[in-house]
Amino acid sequence: MHKNQPIKKEFLDIIRRLVGLSYRYSGNKELFYKKFTDLVHIDELKRLRIIDPDTLEPDNKNIDKLNPEELEVYCLMCYGFKAHEINVICRHKSINSTYVKQYRVRKKLGGAASPEIVLVMSVTCILIYLLVTVLNSIQPGFVSDFYHNISDCVCVVLNWVHNIFWA
C-alpha cells in the first residue's frame with residue numbers, strides 16, 4: 001500500500017470484525033478460533049474483495065492452466081502469504097496439502113521451488129551433517145564407514161537445493 005493510497009473500507013471492516021471477535025470471545029479460545037477461521041476463509045475474503053484474483057495482472061501466460069482452487073492459492077502467494085497462512089485461509093487438511101498445492105501452481109506456471117521447501121531441505125541436511133559429525137566425535141569410527149558418503153550427499157543436496165532456488 002502506498003503512502004497516499006487510501007485504506008480500503010474492506011480492510012478496516014475486517015480489522016473491526018477481528019477486534020470484535022477478540023473482545024467477544026476472549027474467554028472461549030475454541031469458539032474464537034472457529035469464528036476467526038470463518039472470517040479469514042478464502043470465500044469470505046473474496047466476498048469482501050480483499051482477495052480478488054481478477055485484480056492480478058497475468059504475469060504468466062500459463063495462468064489459465066490453473067483450476068479455481070489453484071488460482072486462489074496463486075493469488076494468495078502473489079499477495080505474499082506464507083504456506084501456513086494459506087493453509088488457514090483455504091482450510092487445507094494439513095500444511096503438506098498446502099505445500100503440494102503451491103508446488104503444483106509453480107509447476108504449471110513454470111516456476112522454481114518455494115523458499116520454505118528450500119529452507120526445510122537445507123536445515124535438514126545441515127542437521128544430518130551435524131548429527132553425523134557429533135556421533136563420529138563421540139565414538140570415532142562409529143559412522144566412519146558412511147561418514148564421507150553422507151557428507152558428500154549433504155553437499156550434493158545443498159547444491160541441488162541452491163540450483164532449484166536460484167534457477
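## A tour of the cysteines and the helical chain

Begin by selecting Cys75, which counts as buried at 0% relative accessibility. The model on screen is a predicted one, and every value quoted along the tour is computed from it.

With Cys75 still selected, add Cys78 to the selection. Its sulfur is the closest cysteine sulfur to that of Cys75, at 6.7 Å, which is too far for a bond.

Next, select Cys90. Is this residue buried or exposed? Cys90 is buried, with a relative accessible area of 14%. Display the separation between the sulfur of Cys90 and that of Cys75: the latter is the closest cysteine sulfur to Cys90, yet the two lie 9.6 Å apart, too far for a bond.

How many disulfides does the structure contain? A disulfide requires a pair of cysteine sulfur atoms within 2.5 Å, and by this rule the count is 0.

Now release the cysteines and colour the protein chain by secondary structure. The protein chain holds 8 helices and 0 strands. Traced from the N terminus on, its elements read α-α-α-α-α-α-α-α.

Keep the protein chain selected and turn to its contacts. Of those between residues at least 6 apart in sequence, 51% join residues at least 24 apart.

Finally, switch to a surface representation. The accessible surface of the protein chain comes to about 11800 Å², and carbon and sulfur atoms account for 60% of that area. For the interior, colour by relative accessibility: of the 167 residues in the protein chain, 29% are buried. Cys75 and Cys90 are among the buried residues, which returns the tour to its starting point.

Methods. Residues are numbered from 1 along each chain as its sequence is written. This is a predicted model: local features need pLDDT of at least 70, side-chain atom pairs count only at pLDDT 80 or more; totals for chains, interfaces and linings use all residues. Side-chain values use heavy atoms; hydrogens and water are left out. Buried means under 20% relative accessible area, exposed over 50%, partly exposed in between (1.4 Å probe, protein chains only). Helices (H or I, at least four residues) and strands (E, at least two) are DSSP runs, numbered from the N terminus. Contact means heavy atoms within 4.5 Å. Accessible areas come from the Shrake-Rupley method with a 1.4 Å probe; for residues, only the protein chains shown count as cover.
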